[in-house]
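Hi,

Here is the structure I said I would pass on. Have a look at it first, and my notes on what turned up are underneath.

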Amino acid sequence: MTPSASRIKTPQQLLAESGADLEGHGLKRTMGLFQLVCFGVGAIVGTGIFVGLSDSVAEAGPAVVISFVLAAITCIFTAFSFAELGGAIPVSGSSYSFAYASLGERTAFLVGWCLLLEYGVSVSAVAVGWSQYLNELLDSLTGWQLPAALSAGPGEGGVVNVPAVVVIALAATLLVRGVRESARATAAMAILKIGILIVFCAIGFSAFQDGNLSPFAEHGMGGITAGASVAFFSYIGFDAITTAGEEVKNPRRNIPIAILICIGIVTLLYCGVALSAIGALGADAVAGRPAALSLVVDQVTGSSVGGGIIAFGAVVAIASVVLAVMYGQTRILMSMSRDGLVPRVFERVSPKSATPVANTWIVAAVFAVPAAFASLDVVVNLTTIGTLAVMAVVNLAVMVLRRRSPELSRSFRVPLFPLSPILGIGFCLYLIWGTGWTTWLQFAGFLVVGTLVYAVYGRRHSRLVTAPNEGAVPVSQGV
């Protein structure tokens, strides 16, 4: 038996198995470039800016703008690597498939394991944030809110977070109807929330005062780094673009372009929102406030109407994140199931809707439990470190595949190679350092559990073992 660490699937195998240049494994190509960009924006812009901004400000103060830029730089270098690999291997597995093609099955499984954490915690945390802003919107429109017992989990003084479960169920319903419908809904929501954030910036800058930016970096570089580690959670989701590899028209062209456009749009939005919010009220007024954007608008305009509009934008924005991130999770599980590393139920595609229906509902049910009952603040840093580790692997995968598969058709090439992926790895490690030693220990434990799961199930059920005619390619070949 080929050692699991040395089992790889070549890019050609991955493309052939997925039908990535034709129709992907029962999936249909319905998303164009515009829809893909909106899907990317939908996956990124949400809780991180509407809810998480206050946490980043608490760490870095007015220098949070630099924190967002630092987090963006990390994403940009990694985005180059995602763009190259997404154009060269346009399959649903995203980072998982890239690792399988370069670093072997065991590493690929652990990447998929980290992605389960990233997407799972993201969806659950985002759903909880949606519940908070829904109450803010109801209060603005009617003066009434859902009772705490039904709008928060036990850790937040409630019993069950019903709105969080509802938004996950609605997203799942839309996803099983078909990718075309989901893409249209995501596009509409992305345009709306970009417009609302632009209006917010205009309102915030109208009350801008230079004095609110002083002292700019009171906590020094340590505060900026800590703020960047927190702000990085705001960027989680751009890698979901590559999970649409089998449902995008002309994926080799559109995936790289969409990734780079999304990172540019999101970085400008985040920096503009942070600067205008702090410039209007000051860092102390923004830090630690869960609905900080509504507060800024209410204070500047002297009316609750503006805050209600922001709350409406947040409800829309956060719902689109739930939709996009759940989509990404189901496609990664589908790829892992296709390889035999998770149960086969996750790869089944409905011939009627051309979507993985059972997969989607299982994911929704699993995500709904922590959203309804758990306080997820304690695992946000764990999610961040897991995502950073995955991004470091993707940067490494680019360098490995450049050497092993120079003949691979690449519609986009990382600029300044190999400096860019090396810098990408360096920035990822730098932000990992900023998460703190307790998070490192949690992550180490998480990887140990993943290794055990792989040894007990994935290693034995791998298609490279159960279907030996497909063959395993040792990692040492071609290096």
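Helix H9, residues 162–177, is the main contributor to a nonpolar patch, giving three residues to it. Bear in mind that this is a predicted model. The patch sits on the surface and is made of Leu 150, Val 162, Val 166 and Leu 170, which together have about 320 Å² of accessible area. Val 162 is in helix H9, and its relative accessibility is 35%, so it counts as partly exposed, the class between 20% and 50%.

Now the salt bridges, of which there are four. The one I'd open in the viewer to start with pairs the side chains of Arg 410 and Glu 84, at 3.1 Å from N to O. That contact ties together distant parts of the chain, 326 residues apart: Arg 410 is in the loop between helix H17 (377–404) and helix H18 (419–434), while Glu 84 belongs to helix H5 (residues 64–88). Are these two buried or exposed? Arg 410 has 12% relative accessibility, which puts it in the buried class, and Glu 84 is buried as well, with a relative accessible area of 1%.

Glu 347 is another residue to click on. Arg 463 makes a salt bridge with Glu 347, with 2.8 Å between the closest N and O atoms. Here too the partners come from distant parts of the chain, 116 residues apart: Arg 463 is in helix H20 (residues 463–466), and Glu 347 is in the loop between H15 and helix H16 (357–373). Both Arg 463 and Glu 347 are buried. There is also a network: Glu 84, Arg 402 and Arg 410 are joined by salt bridges that share partners.

Glu 347 also forms a salt bridge with Arg 344, where the closest N and O atoms are 3.2 Å apart. The two ends of this pair fall into separate classes: Arg 344 counts as exposed at 54% relative accessibility, whereas Glu 347 counts as buried at 10%.

On to the empty space. The second largest pocket has a volume of about 250 Å³. Its lining has 15 residues, and those nearest the centre are Leu 116, Gln 329, Leu 333, Phe 346 and Val 366. Helix H7 (105–142), H15 and H16 each give two or more residues to that lining. Which of the elements has the largest share? H7 does, with five residues. By class, the pocket lining is made up of twelve nonpolar and three polar residues, with no charged ones.

As for cavities, the count is four at 30 Å³ or more. The second largest has a volume of about 50 Å³. Its walls are formed by Met 31, Phe 39, Leu 175, Val 179, Ser 182, Ala 183, Thr 186, Leu 323, Ala 324 and Tyr 327. Helix H10 (179–206) and helix H15 (304–338) both supply at least two of these lining residues, and H10 has the largest share, with four. Eight residues of this lining are nonpolar and two are polar, and none is charged.

H15 is worth colouring separately when you load the model, as it turns up in the lining of the second largest cavity and in that of the second largest pocket.

Cheers

Notes. Residues numbered from 1 in each chain as written. Predicted model: local features only at pLDDT ≥ 70, side-chain atom pairs only at ≥ 80, totals over all residues. Heavy atoms only, no water. 1 Å grid on protein atoms, 1.4 Å probe; cavity = no way out; pocket = protein on both sides within 12 Å on 5 of 7 lines; lining within 4 Å. Points joined across faces, edges and corners; volume = space filled by probe spheres on them. Nonpolar A, V, L, I, M, F, W, Y, C, P; charged D, E, K, R; others polar. Buried < 20%, exposed > 50% of the residue type's maximum accessible area, 1.4 Å probe, protein only. Patch = residues over 30% accessible without salt bridge, like charges linked within 9 Å, V, L, I, M, F, W, Y side chains within 5 Å. Areas by Shrake-Rupley, 256 points an atom, 1.4 Å probe, with all protein chains shown as cover.
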